[in-house]
Structures are given as structure tokens and as C-alpha cells.
There are 2 protein chains.
Amino acid sequence: MDALTIGQLGRATDTKIETIRYYEKIGLLPAPRRTAGNYRSYAAEHLQRLGFIRRTRDLGFTIEQVRELLKLAAHGEKPCEEVDQLVVRHLEVTERKIAALTRLRRELRETLDSCQGGRIAECRVIQALSPPTAARKKRVLGSRT
Amino acid sequence: MDALTIGQLGRATDTKIETIRYYEKIGLLPAPRRTAGNYRSYAAEHLQRLGFIRRTRDLGFTIEQVRELLKLAAHGEKPCEEVDQLVVRHLEVTERKIAALTRLRRELRETLDSCQGGRIAECRVIQALSPPTAARKKRVLGSRT
DNA sequence: TCTTGACCCTGTAGCGACTACAGGGTCCTA
DNA sequence: TAGGACCCTGTAGTCGCTACAGGGTCAAGA
């Protein structure tokens, strides 16, 4: 018999109990059988499915994307084009995030480099964090149309 | 006179009106004067302060960190060590994020590379997304102590 | 047998940082 | 005087969980 309690399933998949119940509530993980004492009793297919969910979540897919991937995985006869497209799109999003964070890192480093260790009033870090706004002011005033 | 309506302030700082009101509610941006018709009327210092907030938020600092930076910026006489530390810590967080996303990108690329363009049932992408769980099972069962 | 404590249950509220309404009021122009 | 662009308050929703509160169940030890 391979029945698992929610705690065992959680340890097996490195998932918090509350998260498992949450996945059930939003329909991502099917509701399992219940014991006489109303405890959830999970079978091997739940372990497999939750493992898939965790893995895809760890890879940064949204819940909706996971839902989509699960639906696709259930249709073994279809070509895997759609699956690939989902992964490609997610890869693109990931690359944009990396690019944005890399720019950010450069800015933070430049900001730090500018500091000579004086007082806050003369600190170039604080100045670097305050953007110039005067230039934009004219454009904006009276632009109600 | 440099009084701005909330809409003008929003355009000047690329900030949604709701966000400005939200910043006021959480005490990040001081409440401005009101006109006879109960409209918010912003002065130059609001523009400057909201600019600072937006810039630091864009750099990925949390609201609490922004609050801290604003408090420090108001104490011009203190050494700028604390400011630097905040930026250094944020830089470290950013670097960890970049590292995590870079690992992720590699995994997504490897997943995609494994696909030959067949049917979902044989698709290596779906398989790559399903982690092996059998090995972990023994450890977990009966580990109630 | 009783008690302890680890585990489980439901339901609701909170997190961060906004965003999106609903249902009104104000102001300016034609 | 009418229209529409703008503003007001207040509340609820977003995402993906996480943290209670207030109970019930179960197994092992005294």
C-alpha cells in the first residue's frame, strides 16, 4: 500500500502542508480519498503530479502555465509543439529578467563606487538615487489634453 | 507657482495615480495641501521625494528599504556608512537572483534541446519536467519521529 | 485507561506592492 | 448648460503562498 498522509507527501516533495491544501483548493492537485478520520490519503499518482508541479514551479512557471502543461501532458497523442512553445516563451521571459537585473547590478555598483565615505549630505550615493526631474516638468504641466 | 495635481505629478514621475495615493496611505509620501475642492496639491518637495522613491523602487529596493533610505537622507550630518551598507546588501541579493535565473535558463535550454518534435507521450520536455521521486520515498515513510 | 503530543482538519486573514473598480464630486471648455 | 476630463474615498482583487485560530484524530508511553 502506498497511501501517504499529507505530511508524508509534503516531506516527499519538499512542500508545505498548507501549500498542498492550497493546490487542492485551486484545482491543481486532485482531491484525494479520505480516511475514516477525515485525513487526506494520497496515492502514487498524487506524488507524481505534485512532483511535476513543484519542478515546474521551481523553474519559474506560473500556476496557470503549470495548469496548461499538466493539461498538455495528459494528451499524449498530440504533438509536443505547444509544450515547446510554452517553454520557449518562459525562456524569453527569463532572459529579459536576467538582462534587467544585470543592468541593475551595474547601476548599484556604479552608485557604490561613487562614494568616498563622507557625510550623507555630500554622499554621491544619495544623489545618484535622486533623479533629475526639472527637465520633465515643462512637458507635463498643462498637458491635460 | 509650482502646484501640481495628482495627475501631473503622476506624469512627471511616471507613476499611476493609485500608486501615489497608496504611497500617501502607507506614509511614504507626505499628505499634500488640499484645494478648496478637496484636490491634492503637490509642491516641489513632493516631486523630488516621489522621484527618489520611484528611482529606488526601480532599482529593486523594497518599500521598507526606501523608507530607511529616506530617513537616512534626511540626516545629512551622519556618515554615509549606513547608506552604503543598505546598497551593498541589496547588491548581494541582486547577484543571488542573477545566479538563480542563470541556472534556470540553462535548465530550460537543456530541456528544450532534448525535444525532437514528436508526440507529447514521448516528449523529453515533459519527462524533464517530471522529477524522479521513488528514491525519496523510503526516507519519508514512517518518519514521524 | 488515560494522557500527552504529534499530526491532521476547516476557515479566514495576512504578506508585498500595487491595481481596479464603484459610486460619487469638481472643474473647465464649448 | 452640458459634456467630459479629471479628482475623491473606500473596498476588493491580484499572485502564490503562509500563518494563524480553534478544533479533531491517532499512536505510544505511564
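Here are some short exercises on this predicted model, each with a worked solution.

Before you start: this is a predicted model, where local features need pLDDT of at least 70, side-chain atom pairs count only at pLDDT 80 or more, and totals for chains, interfaces and linings use all residues. Residues are numbered from 1 along each chain as its sequence is written, chains are lettered from A and ligands numbered from 1 in the order in which they are written, and side-chain values use heavy atoms, with hydrogens and water left out.

**Exercise 1. Get to know chain A**

Work out how many helices and strands chain A has, and in what order the elements run.

Solution. Start with the term: helices (H or I, at least four residues) and strands (E, at least two) are DSSP runs, numbered from the N terminus. On that basis chain A has 7 helices and 2 strands. Reading from the N terminus, the order is α-α-β-β-α-α-α-α-α.

Next, look at burial. Buried means under 20% relative accessible area, exposed means over 50%, and partly exposed is in between (1.4 Å probe, protein chains only). Of the 145 residues in chain A, 40% are buried.

Then the surface: chain A exposes about 8,800 Å², with carbon and sulfur atoms supplying 50% of that. These areas come from the Shrake-Rupley method with a 1.4 Å probe, and for residues only the protein chains shown count as cover.

**Exercise 2. Follow helix α1 and what comes after**

Find which residues of α1(B) are buried, then say what is notable about the residue that follows.

Solution. Go along the helix (residues 6–13) of chain B and you'll find that 7 of its 8 residues are buried, so α1(B) is largely enclosed by the rest of the structure. The buried ones are I6(B), G7(B), Q8(B), L9(B), G10(B), A12(B) and T13(B). Step past the end and you reach D14(B), with a positive phi near 55°.

Now try chain A. There, 7 of the 8 residues of helix α1 are buried. After α1(A) comes D14(A), which has a positive phi of about 55° although it is not a glycine. D14(A) sits in the loop between α1 and α2 (17–25) of chain A, and its relative accessibility of 61% makes it exposed.

**Exercise 3. Trace the contacts of T15(B) and L50(B)**

Decide whether T15(B) is buried or exposed, and list what it touches.

Solution. First, place T15(B): it is in the loop between α1 and α2 of chain B. Its relative accessible area is 8%, so T15(B) is buried.

Second, list its contacts (heavy atoms within 4.5 Å). Leaving aside neighbours within four places in sequence, T15(B) is in contact with G10(B), I20(B), L50(B) and R54(B). The side chains of T15(B) and R54(B) also make a polar contact at 3.2 Å. A polar contact is a pair of N or O atoms within 3.5 Å; within protein, one must be able to donate a hydrogen and the other to accept it, and residues adjacent in sequence count only if both atoms are side-chain atoms.

Third, move on to L50(B), which is in helix α3 (residues 44–58) of chain B. L50(B) is buried, at 0% relative accessible area. Among the residues L50(B) touches are L9(B), T13(B), Y23(B) and L29(B).

**Exercise 4. Sort out three salt bridges**

Say where the partners of each pair lie: E24(A) with R40(A), E107(B) with R55(A), and E64(B) with R67(B).

Solution. A salt bridge is a side-chain nitrogen of Lys or Arg within 4 Å of a carboxyl oxygen of Asp or Glu. The structure holds 10 of them over all chains.

- In the salt bridge of E24(A) and R40(A), the closest N and O atoms are 2.8 Å apart. E24(A) is in helix α2 and R40(A) in strand β2 of chain A, so the pair ties together parts 16 residues apart in sequence. Both E24(A) and R40(A) are buried.
- E107(B) and R55(A) meet at 2.7 Å, N to O. This pair crosses between chains, from helix α5 (residues 81–113) of chain B to helix α3 of chain A. E107(B) is partly exposed at 28%, and R55(A) is partly exposed at 21%.
- E64(B) and R67(B) have their closest N and O atoms 3.2 Å apart. Both are in helix α4 (residues 63–73) of chain B, 3 residues apart, so about one helical turn separates them.
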